Amino acid sequence: MEIYLIRHTAVAVEQGVCYGQKDVDLAETYPEELETVKKNLDGVEFDKIYTSPLSRAKKLANDIYPDQAQEEARLMELHFGDWEGKVWDEIKDPFLEKWMEDFVNLKCSNGESFVMLRDRVLEFWNELKAQDHKKVAVFTHGGVIRTIQAIEKNIKLEDSFNIATPAFGEVVVVNV
């Protein structure tokens, strides 16, 4: 099975803002980025298309494949809880420093840990790999793609940030 992991396009969020599961607007460059993603997927026919329910991924999926993408909550980005929408440097939570030391295992305040993200993504991934598809498209987020790459390459979560984050609108193909 060929699985195309497609990261959403650029967002209209200032650098340094934490926005994991916060629904944010797309950047003004969306029309051009949409065309680039379309070209990168041109001629590929998918048996199944999944998308994160967050609008930045769902809009891209629906603009390329209208009404074909199945929403899948397990494909959402890491949930940063109380920190969503805040500038990292301005977060006053005393737990932030402790979380930074062990983000893999510790949950954000009222959010998720990286292990929790991995567990929900792994559940989806294993279900997907058990299906009988030839080509699948997955419209999702950088953290989810990085997690899938770590799973497939057998990389520890704490080492997964050595994997380059896919660029906005990038298509990563995984063969399973």
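Begin by selecting helix H4 (residues 114-129) together with helix H5 (residues 142-153), which in this predicted model pack at an angle of about 70°, with their axes 10 Å apart. Angles of 65 to 115 degrees count as roughly perpendicular, and H4 and H5 are therefore roughly perpendicular to each other. If you look along the line of contact, H4 passes H5 in a right-handed crossing.

Next, show the side chains where these two helices meet: on the H4 side select Phe114, Leu117, Arg118, Val121, Leu122, Trp125 and Lys129, and on the H5 side Gly143, Val144, Arg146, Thr147, Ile148, Ile151 and Glu152. Coloured by class, this contact of H4 with H5 shows eight nonpolar, two polar and four charged residues.

Now turn to the sheet, which is open and has five strands in the order E3-E2-E4-E1-E5, with mixed pairing. Its edges are strand E3 (70-71) and strand E5 (171-175), each of which pairs on one side only.

To follow one pairing in detail, select strand E1 (residues 2-7) with E5: the two run antiparallel and are joined by five bridges. Within this pair, Glu2 stands opposite Asn175 of E5.

From there, add helix H1 (residues 30-41), which packs on the sheet and touches E1, strand E4 (135-140) and E5, while its direction makes about 170° with that of E1. Finish with helix H2 (residues 55-64), which also packs on the sheet, where its contacts are with E1, strand E2 (48-51), E3 and E4, and whose direction makes about 140° with that of E4.

Key. Residues numbered from 1 in each chain as written. Predicted model: local features only at pLDDT ≥ 70, side-chain atom pairs only at ≥ 80, totals over all residues. Heavy atoms only, no water. Pairing = 2+ DSSP bridges. Helix = DSSP H or I, 4+ residues; strand = E, 2+ residues; numbered from the N terminus. Contact = heavy atoms within 4.5 Å. Axes fitted to C-alpha atoms, helices over the stretch in contact; angles between N-to-C directions. Parallel < 35°, antiparallel > 145°, perpendicular 65-115°, else oblique. Left-handed = near helix turned anticlockwise from the far one by under 90°. Nonpolar A, V, L, I, M, F, W, Y, C, P; charged D, E, K, R; others polar.
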